[in-house]
Amino acid sequence: MDAALESFGLDLSAGGLRNTASARQVFVTLLKAAPDPPFFGRLATRLLECLAECADPDMALGNLHRWLGQLGHSLAVQRMLVEDQFLLRHLLLLFSSSQYFADILCRDPAYYELLADPARLAQRRSVKEIAEAVARSVVPFRTYEGRLDALRRAKRREILRIGARDLFGLASFPEVVEELSAFADAAVAQAYRMAREEIERRFGPLDGLEFAVIAMGKQGGRELNYSSDIDLIFVYRGSEEHVASAARIGEHLIEALARPTAEGYLFRVDMRLRPEGQAGPLVRSLDAYRDYYEHHIEHWERQALLKARFVAGDETLGRDFHALIEPYVYRLDVPPSLIEELRLNKLRVEKRCEMAGERFTNVKDGWGGIRDIEFTVQLLQLLFGARVPEVRTGNTLEALDALARAGLLPAEECQRIREAYEFLRVVEHRLQIMDERAVRCLPLASEAVARLARRMPRMWHHDPGAEFTAEYRRHAGTVRGFHQRFFFDPFEREAATPSRLTALGELLLTLDSEDARARIRQYLVARGFLAPERALSDLDRLAGIGGPRAKAARLEDLALLARVGPQLLETAAMAPDLDAALSFVVEVALKGDREGLLTTLGESGFAREVMCRLGGTAPAATQPIRREPALLDMLFEPEAIASPADEHSLRERLAIRLARHEDHEARLNSLRRFKRREMLRIAAADVLAAVDIEGVVHQLTLLAEVCVGAAVDLSVDALRARGDLEGEPEFAVFGLGGVGGFEMLYPSDLDLLFVCDLPEGEARERCYLSYSRLAERIQDALTRLLPDGDLYPVDLRLRPEGQGGELAPSLDACRRYYAERAQTWERQALLKARFLAGDVRVAREFCEIIRPFAFPEDPSPEMADEVRAMKRRVEKERTDRTTRARDLKLGPGGMSDVEFLVQWLQLLHAGRHPALREPSTLAALPVLVSLGLLPEDEAGILREGYRFQMRLRNLLYLRFGRPVAVLPEGDEDQRALARALEMENAGELLEAFYAHRERVRAIFERRFYGDG
């Protein structure tokens, strides 16, 4: 047969065919079915002539072959193709332009008759005619399923008819979209009637129930695409008993339109434009719509409602709905936030397009694309629709003409934009009808561009692909200039804030896009976030689209994040623990006023710094904020953080708080809240480096002292109220350890010692019991866990006789104890004894009692040896060999080395040198230098080593929320500590740590154990 084909001398390349081998097989099949050689010769010649005119000859020939195969290569059809001067050309043009249309013809081959009569095809069908044809299509069928299938067949036939008119140049663009929309209206109306009938058949008559279907989007604007979804909302009017029935109608209507059957589906239905989107009820009453639009309407909904149009159901209800929405859509007082939101929404669209690499190829969303026109026109409608009713239309072309007639757009520019809009929409149609998919991007390959150009309804001169590209760019440039000028410039002063975002802000604006998320993830990794997925999740939560109550992103939430997020992330990136800093901000925001906090963080660099430094350095210190969000007000005042409180102001502030309560328990709770607030203030100043380590420990000590004083006063008042205490108690509280030495750290306990003076005679026993109760009450006031927490752990083991001794020993008992039974370690403890609260006379007498014991004028060599032995025992028994090198307090070169050395020198020399009777280790060092007991350079090394490790212990507590005395080994923890100390990395931290330790240890061993 190939040889027979050769005899015809056909030049297949003349038809523009690329795959000549495949084409040859088709021609062989045609030859077999031909009645005689002359007939085949005429058919083949005509076929090659028509193929040469096609955009894609190979596609056209292949689809023709499929179609003829469905007809069994009928001789009658072949004769018709030869004899009909239009049919073959029309078939091949359609087959080369749309696989979707070709598939319809191959499924229903007889539909070719639609193409055989050009005069009839050229006739424009009215909306009424289309509706009548759709209604007739279901008449022969009695079952619900049968009518569903009939509607789907009617769609295929009607879409083929409209598409043929479009491809053959028999209909303008406005006519095409109007007929597509008219069919959608008719299909929705018929589906509604079917759905209502089905519900009434199942559940009984629905007398009194009005139901209306409102089209939105492109259907509402009567400008539907070939592959568009349809956007609908449903409204009803009726009584309470109709609520369930209205919902059933809505559900059945969606099913009738969208459910695939053996004949396919009618339309994909999108209901997300209804109030509250997917979370809202499917059907609302007219009154419910009124209430929602009165109190909750968002700006994007105003924009969407521009295209609202009644299409099915009760027409009166449809008119009432339209009358209802007009005042909410068209307002005389257009808020600047509406303009800003439209701009941000458009920016989101553009950013997504850019991230997808489609900025200059996306016909709809790209640079100079369809949305540039639509958004600009819709903004002008929203701005002027209240004053100029003529512009109130959902159709873009009608709106353009109305804006020009109203003088709101220059007529010449309006015409250019109209031409560009029609050109771009036709391009979009040609892309979509290929496979009935919502394709929006121009092809990249030059051959594909050329084929697209040849599908356009116009003639090109020499190079269709190049000429099409030039025309596309010309129209896009015109559109972009129009969009920029009218969408931004005239209203810049009206906008609440300018639509200028950083590159990162633009990404955050499109956080719900996978492309944006990938780029944000890259940014987070580059900035040093160790857990980018966690950070991304935190950003989701800030935008309201993450966590257990996740929902679809709202533009205003994304816009706020886009403005604040870049600064927030940059500030968080400077925190010691970046991930913890961001998570803290998110947690606080979600527990309180998220929008208010983000707005504050966007406006105040100090607020951002406080939040991120606290969250990234001191998670433990942030607990009060979680309990009492009002504390943020204090944190955001620079003066409150940077100005250290003195003892007088602390006592004054506390007195004001306590005066608000009369009940003892309430006062104790108030005391705890006061301590919590002040600890937070100190921690904030600490992490912001507003005070140095000496300032921090001083502030912590003052706070502890004030709290102890308040606990004593409250306990005295409580005992007096019960009649357990008379007069002024001769009772004093001394601080030892950190609180006595003005060296309180965050994790420090309170080492306290209570002492009293008992009278002689009968009152002695009564006073002893009262003072014992007072001591117990003070301890309870400080340690008891209440709803507002506790104050401090208290250690009373440094009193005479330790745990076995009296809780509040008398002066006489202390005098006997320190003269007869006290041990050397107690001398060291008493070096830091400092009066905190109570009776001044008792305190003075106690100091006289302990002075010769703590500061002996002629210390014995045995005492020095005992101190050394004690230090060796501590190092051996109280440290773990595996962690000793990293033990900040007791390890070699740790804080204990400095403390023991200073205390040893004080025990040896303070008896003769009163200036050395200094409870603070750091304060004692310069005194030792001035007395010639320690070289200045060595004192400096001890001081810096001690300060460095005090700072580390504080940071460890702030990070973990518990006392940690060992430098952690984890990379993440060491990195956070290093950054908190303003070091580059963990390596620098370790280098400094071990350098301090080695220098301190060398001095300690030489001075403490050696002869020096």
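**Strand pairing, buried residues and aromatic pairs in a predicted model**

In this predicted model, strand 2 and strand 3, the latter made up of residues 269-270, pair in the parallel sense over two bridges. Within this pairing, Ile 230 stands opposite Val 269 of strand 3. Strand 2 also pairs with strand 1 (residues 210-216), here in the antiparallel sense and over seven bridges, and in this second pairing Val 213 is the residue that stands opposite Phe 234 of strand 2. Strand 2 itself covers residues 230-237, and because seven of its eight residues are buried, the strand is largely enclosed by the rest of the structure.

A further group of strands is found later in the chain, where four strands form an open sheet in the order 8-7-6-9, with mixed pairing. The edges of this sheet are strand 8 (794-795) and strand 9 (834-838), each of which pairs on one side only. Strand 8 is joined to strand 7 (residues 750-756) in the parallel sense over two bridges, and the bridge partner of Leu 750 in strand 8 is Val 794. Helix 35, which spans residues 693-722, lies across strand 6 (731-736), strand 7 and strand 9, and runs at about 35° to strand 9.

Two glutamates that lie in helices were then examined. Glu 374 is found in helix 18, which runs over residues 370-384, and with a relative accessible area of 6% this residue is buried, because the limit for a buried residue is under 20%. When its neighbours within four places in sequence are left aside, Glu 374 is in contact with Lys 218, Thr 396 and Tyr 421. With Lys 218 the side chain of Glu 374 also makes a polar contact of 3.1 Å. The C-alpha atoms of Glu 374 and Leu 400, which are 26 residues apart along the chain, are separated by 9.7 Å. The other glutamate, Glu 341, belongs to helix 17 (residues 336-355) and likewise counts as buried, at 9% relative accessibility. Not counting residues up to four places away in sequence, Glu 341 touches His 299, Trp 300, Leu 555 and Glu 556.

The aromatic residues were considered next. A pair of aromatic rings is described by the distance of the centres and the angle of the planes. A search of the whole structure finds 33 aromatic pairs, and one of them is formed by Phe 423 and Phe 468, whose rings are 6.0 Å apart from centre to centre with 35° between the planes, an arrangement described as tilted. Since Phe 423 lies in helix 20 (residues 411-432) and Phe 468 in helix 22 (residues 464-487), this pair ties together parts that are 45 residues apart in sequence. Both partners are buried, Phe 423 at 8% relative accessibility and Phe 468 with a relative accessible area of 1%. In the pair of Phe 1004 and Tyr 1009, the ring centres are 5.5 Å apart and the planes stand at 80°, so this pair is edge-to-face. Phe 1004 is buried, with a relative accessible area of 0%, whereas Tyr 1009, at 25% relative accessibility, counts as partly exposed.

Aromatic residues also occur in a cluster, in which Phe 734, Tyr 817, Tyr 818, Phe 835, Phe 846 and Phe 853 take part. In addition, arginine residues are placed over aromatic rings: Arg 79 lies over the face of Phe 39, at 5.5 Å from the ring centre, and Arg 959 lies over the face of Phe 960, at 5.9 Å from the ring centre.

Finally, the surroundings of helix 45 were described. In this helix, which spans residues 971-980, the buried residues are Asp 973, Gln 974, Ala 976, Leu 977, Ala 978 and Ala 980. An α-helix has 3.6 residues a turn, so residues three or four places apart point the same way. What covers the buried residues of helix 45 includes helix 29 (605-617), helix 44 (936-960) and helix 46 (986-1009). After helix 45 comes Glu 982, a residue whose phi is positive, near 60°.

Technical notes:
Residues are numbered from 1 along each chain as its sequence is written. This is a predicted model: local features need pLDDT of at least 70, side-chain atom pairs count only at pLDDT 80 or more; totals for chains, interfaces and linings use all residues. Side-chain values use heavy atoms; hydrogens and water are left out. Buried means under 20% relative accessible area, exposed over 50%, partly exposed in between (1.4 Å probe, protein chains only). Contact means heavy atoms within 4.5 Å. A polar contact is a pair of N or O atoms within 3.5 Å; within protein, one must be able to donate a hydrogen and the other to accept it, and residues adjacent in sequence count only if both atoms are side-chain atoms. Rings of Phe, Tyr and Trp (its six-membered ring) pair if their centres lie within 6.5 Å; planes under 30 degrees apart count as stacked, over 60 as edge-to-face and the rest as tilted. A charge sits over a ring if NZ of Lys or CZ of Arg is within 6 Å of the ring centre and within 35 degrees of the ring normal. Two strands pair if DSSP finds at least two bridges between them. Axes are lines fitted to C-alpha atoms, for helices over the stretch in contact, and angles run from 0 to 180 degrees between N-to-C directions.
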